[in-house]
Number of protein chains: 2
Amino acid sequence: MSTPRPSQIPRGFRFAATSCGLKKTGGLDLALIVSDTPASAAAVFTTNLVQAAPVVLSREHVRKSEQRMRAIVVNSGNANCCTGREGMRASQDTAARTAREIGCEADEIIVCSTGVIGVPMQVEKILSALPELAGSRAVRGESFDAVTHAIMTTDTGPKWAAAQCRIAGKMVRLLGCAKGAGMIHPNMATMLAFVVTDAAIAPALLRRALREVAARTFNSITVDGDTSTNDTLAVLANGASGARRIKRVVGRGFSPDNQLGRKKGTSAPEADYRRFVSALEKVCRSLALAIVADGEGAQRVVEIEVRGARSDRDARSIALTIAHSPLVKTALAGADPNWGRILAAAGRAGVRFDPNRTRITLAGIPVFRRGRPLDFDERAAHQAMLAKHICIVMDLGERTPKRKLETTSHAARIYTCDFTAEYVRINASYRT
Amino acid sequence: MSTPRPSQIPRGFRFAATSCGLKKTGGLDLALIVSDTPASAAAVFTTNLVQAAPVVLSREHVRKSEQRMRAIVVNSGNANCCTGREGMRASQDTAARTAREIGCEADEIIVCSTGVIGVPMQVEKILSALPELAGSRAVRGESFDAVTHAIMTTDTGPKWAAAQCRIAGKMVRLLGCAKGAGMIHPNMATMLAFVVTDAAIAPALLRRALREVAARTFNSITVDGDTSTNDTLAVLANGASGARRIKRVVGRGFSPDNQLGRKKGTSAPEADYRRFVSALEKVCRSLALAIVADGEGAQRVVEIEVRGARSDRDARSIALTIAHSPLVKTALAGADPNWGRILAAAGRAGVRFDPNRTRITLAGIPVFRRGRPLDFDERAAHQAMLAKHICIVMDLGERTPKRKLETTSHAARIYTCDFTAEYVRINASYRT
């Protein structure tokens, strides 16, 4: 995979990666992303009740220092989870040593770990590698590329994405990388994603943008429904582009509908914010889809859109139930236009709808309508479903009253992958 | 598999099965269970929003005629689901013709179908086979055996169970059969279970007994989390044993705890009811476990017990989340003592608990305690997990106040099977 061009790298960030010895293979396993100046930070962490030490520590650091975050330090090879007090001390020591090397406070560092859980962290390996790592950091695309490799565990390749937008004529750059491929052998792995940008934006607004974008990207993908103990998505914005600061927007929220239906006379700050959100979404969507495509054993990305629901929540519940159904996912592995399994999965999602008003389209081919299957060409549907990226659209045909004489309906989109014998092979092999 | 001995067959029931031509293989595909006299009936149907015609019709019939049900007629080879008005008419015609042949009203018949969905029902095949089928019914074990075969779809073998109990000195017999092996290729299949008994019991009390037992048996098993459009569990009790009628019990419900902690001085009717529930549970548990053991591609039955929860609901949520986790189920396929995946699944169940108080035992071997893994022998654990039936016990260590100075905790038990490459192979093969 290519590395980012110099013009794609946000100003004022440096990258470095090394092999500190945590990965048995001797591969890159320690990465550092540093902002030259204090950056606004926002982050989203796993909702799993079981949380690794670095998650607990980093949440605290972001809360305290969201206006002046300086660096993200990441190791692969050990998730530092279920490691007790020693595990927490390991994360604290990592933050403290990183801070000393780059000249800041410990709570200005985000610490992330990924790999096997329940194994004591050999933190001395990280600590002794940090001085050289911090000294070697560069702005080059190759350095960033090394970071994307150092955060990998069983990913089949590095994942990165870049976007740009103009704020009052000035170019702002966003660059992100991610790792993840389902929750992975030997124990479980993690979704990690980091985005850096030279936009200038207040932490509260950055948080809002990240929440909004995460809902439609990272929180709309699923490989196997299992969430890890270490999932982290973090954004740093250091303002080094020199572009106008993106301001607080007053008024209603910015749903995707609002973005599409933008009216004339949109205020300048509002337009700035929207451009930034749009660029952030581009990066996050690209990374999220790369994770799904790299799902263990996956042959294809499946986009599940549920429309015509009474609420967004209803639509999302049905889309997720379909996305998690082993019968749907195995049918997808066989490129089988099996509308029955999709309908049955929707029927157990706990949402009221009328199957007699429901339509289902598979890879563009209508297969079900008004309570009965359509007379479609199964051979052609099978062929269409062999594609690398296919869409399932389920329209429930429900409407809810909006205003006088007006009705509306709701939708949700979830991205997943098919479920192959290879997934089972990867996850069923006895740990050695 | 053996057939029931004459002494195991409830009095006053007759059985018959035939090949009417719905199964392409020419195998048995139409079954009839008839009570010589009107029987009390209770039934539980699928909770899926998408329900097949026979489910809609039979629910109505049981509601109307719960005091005088006469027969169950079942076909395999076609689920009669998503077949529109013609499908409903097919089920109605089946009930009417069966009623005419045995001399009763149409609403005294339960109709069940299992097989492919969305394919028009060739009901004329059933209708023309019914006269001979109704004429041929016998009380022999071989006739019952034919019924157990006629309801099979992709089951690898027939499933039946029998139990007896004494009511005031008189023997009462229960006999049941079931089909199911996950939701099955080519579309989805069904869990069907029928229990007949010569006990005398009022419909309302039979309903209560069935609800109670179903919660601990059929509603505590899961193969892949997918529920079908046709699931039906029905019980007929015709009183032909001549045993005392089981009476309405006044007072508190009969939880399993109550049964265990039975006090002296239990009233006679209460004891009758408990004996009956216990025998019914024996039959249902045996059938339910046979379904799990026959789960598509399954190598082993896995019993997941969650203890020390704040409520039964909490315990059940966690047990089900573990039972549905693809990562846990694939680890079980590899007999991998992977406590991390079990803990992570529990952590995303939406239930509050403290991982630092949690204990996990796999196949009798303690593997996790107080937030950290124990130093167990992985080799020995792997060996133990190769068994045909293994237990996962997760104790959350929570207590809730009960009375003064007393606390209590809650538990749930779910039965599932492992998730093998063979499951994917069965369900991913393109329908031909």
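**Aromatic pairs and helix packing**

Nine aromatic pairs are present over all chains of the structure, which is a predicted model. In one of these pairs, F144(B) and W160(B), the ring centres lie 6.3 Å apart and the planes stand at 90°, so the arrangement is edge-to-face; the cut-off for that class is an angle over 60 degrees. The pair joins distant parts of the chain, since F144(B) belongs to helix 4 (residues 141-150) of chain B and W160(B) to strand 5 (residues 159-167) of chain B, with their positions 16 residues apart. F144(B) and W160(B) are both buried.

An edge-to-face geometry is also found for F419(B) and Y423(B), with 4.6 Å centre to centre and 80° between the planes. Both residues of this pair, F419(B) and Y423(B), are buried. They belong to one aromatic cluster made up of F419(A), Y423(A), F419(B) and Y423(B), and the cluster thus contains residues of chain A and of chain B.

Helix packing was examined next. Two packed helices are described by the angle between their axes and the distance between the axes. In chain B, the axes of helix 8 (residues 312-324) and helix 10 (residues 339-347) come within 8 Å and cross at roughly 130°. This angle makes helix 8 of chain B oblique to helix 10 of chain B, because angles over 145 degrees would be needed for a roughly antiparallel pair and 65 to 115 for a roughly perpendicular one. The crossing of the two helices, 8 and 10 of chain B, is right-handed. On the side of helix 8 of chain B the contact involves I318(B), T321(B) and I322(B), and these meet I342(B), A345(B) and A346(B) of helix 10 of chain B. By class, the residues of this contact comprise five nonpolar, one polar and no charged.

I318(B), a residue of helix 8 of chain B, is buried because its relative accessible area is 0%, against a cut-off of under 20%. Apart from neighbours within four places in sequence, I318(B) contacts V306(B), A346(B), A349(B), V351(B), F353(B), M394(B) and L396(B); A346(B) is also one of the helix 10 residues in the contact between the two helices. The C-alpha atoms of I318(B) and E305(B) are 9.4 Å apart, the two residues being separated by 13 residues along the chain.

In chain A, helix 10 (residues 339-347) is mostly covered, with nine of its nine residues buried. Among them are W339(A), R341(A), I342(A) and L343(A).

Methods. Residues numbered from 1 in each chain as written. Chains lettered and ligands numbered in written order. Predicted model: local features only at pLDDT ≥ 70, side-chain atom pairs only at ≥ 80, totals over all residues. Heavy atoms only, no water. Buried < 20%, exposed > 50% of the residue type's maximum accessible area, 1.4 Å probe, protein only. Helix = DSSP H or I, 4+ residues; strand = E, 2+ residues; numbered from the N terminus. Phe/Tyr/Trp six-rings, centres within 6.5 Å; stacked < 30°, edge-to-face > 60°. Axes fitted to C-alpha atoms, helices over the stretch in contact; angles between N-to-C directions. Parallel < 35°, antiparallel > 145°, perpendicular 65-115°, else oblique. Left-handed = near helix turned anticlockwise from the far one by under 90°. Contact = heavy atoms within 4.5 Å. Nonpolar A, V, L, I, M, F, W, Y, C, P; charged D, E, K, R; others polar.
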